[in-house]
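Biologist: Hi! Could you walk me through the pockets and cysteines of this protein?
Modeller: Happy to, let's look at it together.

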Amino acid sequence: MPDLTMLPAWQALKKHHAQWGGIKIRELFNDNPQRFEQFSLQLDDLLFDFSKNRLTDQTIKLLTDLADQAELRKQIDALFNGEKVNPTEGRAALHTALRNRSDRPVLLEGQDLMPQINRVLQQMETFANQVRNGSWRGYTGQLITDVVNIGIGGSDLGPLMVTEALKPYTRDKLRSHFVSNVDASQLCETLKQLNPETCLFLIASKTFSTQETLTNAHSARDWFLAHAKEQKHVARHFVAMSTNRKRVSDFGIDPANMFEFWEWVGGRYSLWSAIGLAIVLAIGMDNFKKLLAGAHLVDEHFRTAPWHKNIPVLMGLIGLWNTDFWGAESQAILPYDHYLHRFPAYLQQADMESNGKRVTVQGQQVDYPTGPVVWGEPGTNGQHAFYQLIHQGTRLIPCDFLAAVNSHNPLGEHQNILLANFLAQSEALMKGKTAAEARQEMAADGVPDAELERLLPHKVFPGNRPSNTFLYRRLDPQTLGMLIALYEHKIFVQASLWQINPFDQWGVELGKQLAQKILPALTTKAPHTTHDNSTAGLIAKIHDWRE
């Protein structure tokens, strides 16, 4: 694999960046009335506008040259062909197979995966239909009214985000709850709302050994059995998404109600698998299939479109341009769509767990920035919180704005006001406000000259701050599937260019290992000498203050 920074296209991009000088995005718009048409793409009912970035035709040409020289096509083919693109764990990453809606087989080591994928989808559909139509009932014969998904990481963030995003497609008679934190407060507050005779628990753990998930699962089972008394009733109220049949059975779950997924399904890509059972129960299998179809549409686009018309490739390249050449250290995700209020949190894991790496796949330390910090909140709330820093702060923060043209809840002028703010923010970030414009504005308002000059520095906005805009007709299952897949592939593009492995997460392990060593020190007051002075002091204080 060629050294990224030694590639001719990288060197050309460095020179291109150095020659940028004082060019402003607003000037690029003034010089080119067709800039929007030139730098936007539409896929089905979704529009991607990347015209408000610091780029020209030449920038795109050099970035796509970089993709070619970094062998991006080879990496994409390896992903879809089931090669071991996760070398540290020796695994393929075939989450795209989970949403394959074509008749095309997907091979892994010569075996077509589609029959087993479709078998699990059918199992999910059968079970969800039984719960939703009332034929699956609790141990006392009552209807199931509440579903509690117990998982962590991708086994929580994905199903939770999708269920919230598609709330207009859910049924009021079947409520969804999500428990992930090992802090007992989350589980206890959830259980306060529930009747043990009418709730169903979904335990999401591939190995059925994840500490936080199993701790919550056992506490939920204890709560249930305090009411139901008999162990046999567990089978009517607990099911598992797992691969460990023995542990599932030992827990009391009928193995017939274990929904399988596979080692080539990474946690942060698992909502498309059996981990999506909570989604299917909430919105029904027909809508879940539309979610899969939206993602599959993007998969085909990503796999076949030329670089300059390939939305996730351009997302990845522009992100690299902002990160590695303009020094952006973070990326804001700003949905002007309340139903996407968990989307930034979902992308935090998807991006930062994937690309938060400092060594290449060959084990060499990188000498260039990799994954940015990903964060965000829904608009318009964020405007009254952190947008000040984005507009006038000292840090460059590229932004992604997302909005639906049509609301699920049309009410008066709400949607027009929402969209006006959505459009205004990206325009303001791009244009800014010059000193001359600020002076003219205050003069027109009759501000006295002395006051005008005092306020002038505070009224200037530098502008020239990059953003992407995603506009879609309505947030429906297919559109959501498209959005998720676009970001998944963007992350893969950047990992491929940075030459890092986006499918492992060894950085998560160290804290887990140390927690296992510290836990015994919290259960006894015997002196422990294996920890640093700070940790030992904190352990002692915990024992002092424990009630």
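Modeller: Keep in mind that this is a predicted model. In the largest pocket, helix H22 supplies the largest share of the lining, with four residues.

Biologist: What is the volume of the largest pocket?

Modeller: It comes to about 1,100 Å³. The largest pocket has 41 lining residues, and those closest to its centre are Thr 210, Gly 267, Gln 505, Glu 509 and Lys 512. Besides H22 (509-523), the elements that give two or more residues to this lining are helices H8 (154-165), H10 (211-228) and H16 (343-355).

Biologist: How many nonpolar, polar and charged residues are in that lining?

Modeller: The lining of the largest pocket has 18 polar, 14 nonpolar and nine charged residues.

Biologist: And which residues lie nearest the centre of the second largest pocket?

Modeller: Those are Asp 337, His 338, Ser 407, Gln 415 and Leu 418, out of 19 that line it. The second largest pocket holds about 480 Å³ of space, and helix H18 (residues 414-431) gives the most to its lining, with four residues. By class, that lining has eight nonpolar residues, 10 polar ones and one charged.

Biologist: New topic! How many disulfides does the structure hold?

Modeller: Zero.

Biologist: Why is there no bond for Cys 188?

Modeller: Because its closest cysteine sulfur, in Cys 199, is 14 Å away, which is too far for a bond. A disulfide needs the two sulfur atoms within 2.5 Å.

Biologist: Is Cys 199 buried or exposed?

Modeller: Cys 199 is buried, at 0% relative accessibility, whereas Cys 188 is partly exposed, with a relative accessible area of 41%.

Note on methods: Residues are numbered from 1 along each chain as its sequence is written. This is a predicted model: local features need pLDDT of at least 70, side-chain atom pairs count only at pLDDT 80 or more; totals for chains, interfaces and linings use all residues. Side-chain values use heavy atoms; hydrogens and water are left out. Buried means under 20% relative accessible area, exposed over 50%, partly exposed in between (1.4 Å probe, protein chains only). On a 1 Å grid over the protein atoms alone, a cavity is a set of points where a 1.4 Å probe fits but cannot get out, and a pocket is an open set with protein on both sides within 12 Å along at least five of seven lines; lining residues have an atom within 4 Å of a point. Grid points are joined across faces, edges and corners, and a volume is the space filled by probe spheres set on the points. Ala, Val, Leu, Ile, Met, Phe, Trp, Tyr, Cys and Pro count as nonpolar, Asp, Glu, Lys and Arg as charged, and the others, Gly among them, as polar.
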